[in-house]
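Colleague: Got a minute to walk me through this one? I'd like to start with a single residue and work outwards.

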Amino acid sequence: MSLLEDLEWRYATKKMNGEKIPQEKLDYILEAARLAPSSSGLQQYKVIVISDKALLERIRLVAYDQSQITDCSHLLVFAAWDGYSDERISKVFNYMMDERGLPHQTMDNYKQVILDLYERSGQEWQAHHAAKQSYISFAIAIAAAAEQKVDATPIEGFLQEKLDELLNLKESGYTSTVILPLGYRESEKDWLVNMKKVRTPKELFITKMELADASDNVDLPTPMNLDSFVQKTE
């Protein structure tokens, strides 16, 4: 099947049957999530995999009693950095250079540029930026699950601080961003399973623009690269 056919097949499953996903399918989904792009290649997030039923019962209590959490095969919790630091960025870049056989200092100038940008933006912005990167991985995991004919239910409806506390995330400098139960649909008890998939019509979703359609009242900056942008805004 094509990706479009896989995405047409999937839906936000409302009732799962508890059946276990084969390990090779779970591994495939997780590897797809790991291979996702991220800003500056930092992968400022991780995926926590939970199948322990006792723990899932506790998570359900902080997720508005959504049954998919306890009826799924595995729950993926996406957690992102709560902020950026020289230590965190250096660790990733140094590993990257080691894998590529390059000196650590290869990335020093670029690292300083992004640190300058991030630090002036504040920790709240940093956490939000890192969370947005985790959603890229999250989306790819959903597509990979559909390809494997594994049902998945994107869930943002949970008490973030309580989940962070439950999973001891704060101590490691992470915060939960979104969760994804994986499993198989229980069609007889799922009210959404046979509903028509509805999306915004193409003519409303896609807008083609030309210069004549753009605003001519914008004070555009002179061309500059990232280094000069940092120098100018200091």
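Colleague: Is Leu 7 buried, exposed or partly exposed?
Modeller: Bear in mind that this is a predicted model. Leu 7 counts as partly exposed, because its relative accessibility is 33% and the partly exposed class runs between 20% and 50%.

Colleague: OK, and where is Leu 7 found?
Modeller: In helix H1, which covers residues 3–9. Leu 7 also joins Leu 3 and Leu 4 in a nonpolar patch on the surface, and together they have about 300 Å² of accessible area.

Colleague: Switching to the inside: which residues have the most contacts in the largest nonpolar core?
Modeller: Leu 75 and Ile 89, in a core of 36 residues. Strands E1 (45–50), E2 (74–81) and E4 (174–183) each supply at least two residues of this core, and so do helices H3 (53–61), H5 (86–100) and H6 (108–121). Another core lies apart from it, with 18 residues, including Leu 76 and Val 178.

Colleague: What is Leu 75 in contact with, leaving aside neighbours within four places in sequence?
Modeller: Among them are Ile 48, Val 49, Ile 50, Leu 56 and Ile 59, plus Ile 179, Leu 180 and Pro 181.

Colleague: Zooming out, how many helices and strands does the protein chain have?
Modeller: There are 10 helices and four strands. Along its principal axes, the C-alpha trace spans about 60 × 50 × 35 Å.

Colleague: And how much of the chain counts as buried?
Modeller: 41% of its 234 residues. The chain exposes about 14,400 Å², with 53% of that supplied by carbon and sulfur atoms.

Terms used. Residues numbered from 1 in each chain as written. Predicted model: local features only at pLDDT ≥ 70, side-chain atom pairs only at ≥ 80, totals over all residues. Heavy atoms only, no water. Patch = residues over 30% accessible without salt bridge, like charges linked within 9 Å, V, L, I, M, F, W, Y side chains within 5 Å. Areas by Shrake-Rupley, 256 points an atom, 1.4 Å probe, with all protein chains shown as cover. Salt bridge = Lys/Arg side-chain N within 4 Å of Asp/Glu carboxyl O. Buried < 20%, exposed > 50% of the residue type's maximum accessible area, 1.4 Å probe, protein only. Core = buried A, V, L, I, M, F, W, Y, C linked by side-chain atoms within 4.5 Å. Contact = heavy atoms within 4.5 Å.
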